[in-house]
Structure formats: structure tokens, C-alpha cells
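Visitor: I should like to examine the pockets and strand pairing of a structure, with the criteria stated. Please display it before we begin.

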Amino acid sequence: MAKTNPGRFFEDYAVGQVIAHAVPRTLSGGERALYHALYPARHALYSSDAFAAACGLGVAPLDDLIAFHTVFGKTVPDISLNAVANLGYAEGRWHRPVRAGDTLRSQSEVIGLKQNSNGKSGVVWVRTRGLNQRDELVLDYVRWVMVRKRDTDAPAPETVVPDLAEVVAASDLVLPEGLDFTGYDFTLAGEPHRLADYEIGEVIDHVDGVTVEEAEHMQATRLWQNTAKVHFDATFREDGRRLIYGGHVISLARALSFNGLANAQMIVGLNGGAHANPCFAGDTVRAWSEVLDKAETSAPGVGAIRLRLVAVKAGGEPGALRGEDGKYRPEVLLDLDYWALMPV
């Protein structure tokens, strides 16, 4: 009997299948330090215990994307080890903050399957849940990924494409218990702009850029235990190039968005997302955001802002997303639609 795990291929999935992922992971301040070393992350709520305490949260939680990367990374050996590419996200919500000492684990349910017309691969939709050591839900989201077939002659499964919401309703967002922005310190946060200062349709050029290095990408994939072959093995693709992990681009863009959105403190909803074009070492990533919506919340002094965060390679213009053919422009790397919490 083979002792090693070759990973699942497209024909190994069935709608309704539930997969419990190994291995649970206890997070510490080390993950925060490494995250802030890999990305220019500096949102105050995740950087300062004192700032978090003043906002009603006590000790600062770990960055929301640390939780996302950890939960995501657990799923890779079972969902996307043999992936061609991770394609998109929907219906994501953060249900409670994660703090140093919490242990996270993941489980996924297959909710959709569709074989590609070439017969060599197919798309798998899964709903993933991240749970802590008390079995409390930390976050959940849907993602879909293109996975290779082991046997191209294997029959195609019945096509099931899930009906996913275009946006998480603002009323369905979960606010951290105790969050209160009535005494928010804008000077310490880094910018004076509050929710009322942003207009729907406004486009913000985040100005700065980061050139992606092979070494930092490999450190990130190891940190989040993302072992997908397209990120590790240069022989896996015909062009001999390793794809930069999409989550690495997400975190780079989110960190770059600080310049102009320093007060968009906590990500609480993931409405949709697409990795539009591949990113490789040597690419310089820049970012821009578009304000899509604003909403009130029940927490004192706290509003919600819906943002489109777009990462582009150098040369991409702020606000330029799709060409005349309706397809993403070739310089667009990421199109991410999310809700964040901001002082009103």
C-alpha cells in the first residue's frame, strides 16, 4: 500500500463530500511578525495592543488575512495540490477575531463540479470553514479551483454549479464583540479619513509598489503551509516558472492599500474575488481601490465600507480593469471585493 499522498484529482471529488483537513495549527506572535515582515502591513488595530484595547478588543488580534491564509493552507493538500490555478472566492465572512494561542483547523464541503471542455481538468467548488480550539467558527468562504484529471478517459461527473450570492449583505456581517470606534485615535491610525469622507464610485490610487521576489514568495508558501505544486515545483508547468501564490498577492495589495485606506481596519466580508492573470517573481505589484458601497453597523462609531481592491503589474492604470472585450486587462492580477470596518 502506498504511504504517500499524491493529492486528489478532479475525478476524486463528489458533490456533498466533506473533507476534514490536517493538521491543526496553533498561532503565535511569530506569525504576526513574519506576516509584517513579508508585507508592508501596518493597520493599527493589528499592530498595537494599546490601540486595540482602546477600540474595545483588548489584546490586538492577529491580522485577518493571517487567519485566512492559515485556514486556506490547511486545505491545499486535499483540494488544490494538483491545481492548475485557484480561480475565485465568494460568500466569505470572518466570524470572530483570532489571537495568539488560538489553534485553527479547516474542513471543506464539495458544493460544485464542472469538467472543462478539454477533458484534462475540471473546476471544483468547495465551502471551507475554519474552526478554533473551542470548535467556534472563525471564518468561512467558498472558493473554486481548476484541478487536473488523473485519467483523461474518466467519465465527466454531472455538472453542478453552485448559485452563489454576488455580495454578502451588510446586515449579515459579523462584528467583533466589544468593538467601539467612538474614541478612535486617527493620529495613531495614520490618516484622518473616516467613512463619511469616501464617496461611492471613488477610485483611490495607493501609489506605492512592491517587486515580488522568489525568496519571499517561497517563504510565504512555507509559512502558510501551501504546498500546491504550481507554487513549489518549477517542473510542474511547461514554462518552468512557479506561480506566485494568489494569497501572497492579496496580502501585498491589502498592505499597499494602507496608503489611502489606513482606517479600513478589519476585513469582515469577502464578496468575491478573481486571480485574473498569473503573477511571477520579478513582477512589481501596485494597487488601487474603488468604493462600491457603505453601510451602518450596530457597533458604536463603526461603519462598513465595501471596496474593490485591484492589484496590477507595473504599468496598470488606476480604474482600468477590463478591456473592450469585457475581459480583464493583461496587467490585472487580482480583483477582490470585500467589506471592511471603518470609523464613521
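Visitor: What volume of space lies in the second largest pocket?
Guide: This is a predicted model, in which local features need pLDDT of at least 70, side-chain atom pairs count only at pLDDT 80 or more, and totals for chains, interfaces and linings use all residues. Residues are numbered from 1 along each chain as its sequence is written, and side-chain values use heavy atoms, without hydrogens and water. A pocket is an open set of points on a 1 Å grid over the protein atoms alone where a 1.4 Å probe fits, with protein on both sides within 12 Å along at least five of seven lines; the volume is the space filled by probe spheres set on the points, which are joined across faces, edges and corners. For the second largest pocket, the space is about 160 Å³.

Visitor: How many residues of the lining of the second largest pocket are charged?
Guide: Lining residues have an atom within 4 Å of a point; here they are Val84, Arg148, Val230, Phe236, Arg237, Glu238 and Asp239. Asp, Glu, Lys and Arg count as charged, Ala, Val, Leu, Ile, Met, Phe, Trp, Tyr, Cys and Pro as nonpolar, and the others, Gly among them, as polar. The lining thus divides into 3 nonpolar, no polar and, as charged residues, 4.

Visitor: Which strand gives the most to the lining of the largest pocket?
Guide: The largest pocket has a volume of about 450 Å³. Among its 26 lining residues, Val84, Ala85, Asn86, Leu243 and His275 are the closest to the centre. The lining holds 16 nonpolar, 8 polar and 2 charged residues. With 5 residues, the element that gives the most is S2.

Visitor: Why is strand S9 described as largely enclosed by the rest of the structure?
Guide: Strands are DSSP runs of E with at least two residues, numbered from the N terminus, and buried means under 20% relative accessible area with a 1.4 Å probe, protein chains only. Strand S9 spans residues 302–313. It is largely enclosed because its buried residues number 10 of the 12.

Visitor: Which residue of S10 stands opposite Ala304?
Guide: Two strands pair if DSSP finds at least two bridges between them. S9 pairs in the antiparallel sense with S10 (residues 332–343) over 11 bridges. Opposite Ala304 in S10 stands Leu341.

Visitor: Which residue takes a positive phi in the hairpin of S8 and S9?
Guide: S8 (residues 284–296) pairs antiparallel with S9 over 11 bridges, and Glu296 stands opposite Gly303. The hairpin has 5 residues between the strands, and the one with a positive phi, near 70°, is Gly301.

Technical notes
Buried means under 20% relative accessible area, exposed over 50%, partly exposed in between (1.4 Å probe, protein chains only). Helices (H or I, at least four residues) and strands (E, at least two) are DSSP runs, numbered from the N terminus.
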